[in-house]
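Please open the model in your viewer and keep the sequence panel beside it, since each stop on this tour begins with a selection.

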Amino acid sequence: VNIGSVAGVTCMKSGTPYASTKAAMNQITGNWACEWGPDGIRVNCVAPWYINTELAQQVLQNKAYAKSVLERTPMGRVGEPHEVAGLVAF
């Protein structure tokens, strides 16, 4: 299970290095799934939006930016780490 990000599939106003590496993670996951799937090996990528981490807290300090993020977020809030952890724990 790889950890990607919505940042890897949408355009954003900041974080170009982060977004480009997450896009690469999304792509390599799909390629590995195609390559290894016939051998019974599953490869998945969880791609959350903003999660309440130190990195996200730094960029969300900008109130205008935070507003634009939350307007694009269906639940109207950032996610919590345990919400992602539950997807990958098995």
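In this predicted model, a search of the whole structure finds two salt bridges. For one of them, select lysine 67 and glutamate 71 and show their side chains, which meet in a salt bridge with an N to O distance of 2.5 Å. The two residues both belong to helix 3, and because they are four residues apart there, about one helical turn separates lysine 67 from glutamate 71. With a surface display switched on, lysine 67 is exposed at a relative accessible area of 52%, and glutamate 71 likewise counts as exposed, at 54% relative accessibility.

Next, select arginine 77 and glutamate 83, whose side chains also meet in a salt bridge, here with 2.7 Å from N to O. Arginine 77 is partly exposed, with a relative accessible area of 34%, and glutamate 83 counts as partly exposed too, at 32% relative accessibility. As background to both stops, side chains of opposite charge can pair when their charged atoms come close.

Leave the charged pairs now and select Tyr50, Ala56, Leu60, Tyr65, Ala66, Val69 and Val78 together, the seven residues that make up the largest nonpolar core. Which element gives the most to this core? It is helix 3, spanning residues 63-71, which supplies three residues. In soluble globular proteins, nonpolar side chains tend to be buried together.

For the next stop, select threonine 29, which lies in helix 1, the stretch of residues 16-36. Is threonine 29 buried or exposed? Its relative accessibility is 4%, so threonine 29 counts as buried, given that buried means under 20% relative accessible area. Show the backbone of methionine 25 as well, and a polar atom of the threonine 29 side chain will be found 2.8 Å from the backbone oxygen of methionine 25. If residues up to four places away in sequence are set aside, the residues that threonine 29 touches are Asn2, Val43, Asn44 and Cys45.

Cys45 among those neighbours leads on to the cysteines. How many disulfides does the structure hold? The structure holds zero, and two selections help to show the reason. Select cysteine 11 with cysteine 45: the sulfur of cysteine 45 is the closest cysteine sulfur to that of cysteine 11, yet the two are 18 Å apart and therefore too far for a bond. Cysteine 11 itself counts as exposed, at 72% relative accessibility. Then select cysteine 34, whose closest cysteine sulfur is again in cysteine 45, at 14 Å, which is also too far for a bond. Cysteine 34 is exposed, with a relative accessible area of 65%.

Finally, clear the selections and colour the protein chain by secondary structure, which brings out four helices and two strands. Followed from the N terminus on, the elements run β-α-β-α-α-α. The C-alpha trace spans about 50 × 25 × 20 Å along its principal axes. Of the 90 residues in the protein chain, 24% are buried, while the chain exposes about 6,300 Å², with carbon and sulfur atoms supplying 60% of that area. Among contacts in the protein chain with a separation of 6 or more, 54% come from residues 24 or more positions apart.

Conventions. Residues numbered from 1 in each chain as written. Predicted model: local features only at pLDDT ≥ 70, side-chain atom pairs only at ≥ 80, totals over all residues. Heavy atoms only, no water. Buried < 20%, exposed > 50% of the residue type's maximum accessible area, 1.4 Å probe, protein only. Polar contact = N/O pair within 3.5 Å; in protein donor to acceptor, adjacent residues only side chain to side chain. Contact = heavy atoms within 4.5 Å. Disulfide = S-S within 2.5 Å. Core = buried A, V, L, I, M, F, W, Y, C linked by side-chain atoms within 4.5 Å. Salt bridge = Lys/Arg side-chain N within 4 Å of Asp/Glu carboxyl O. Areas by Shrake-Rupley, 256 points an atom, 1.4 Å probe, with all protein chains shown as cover.
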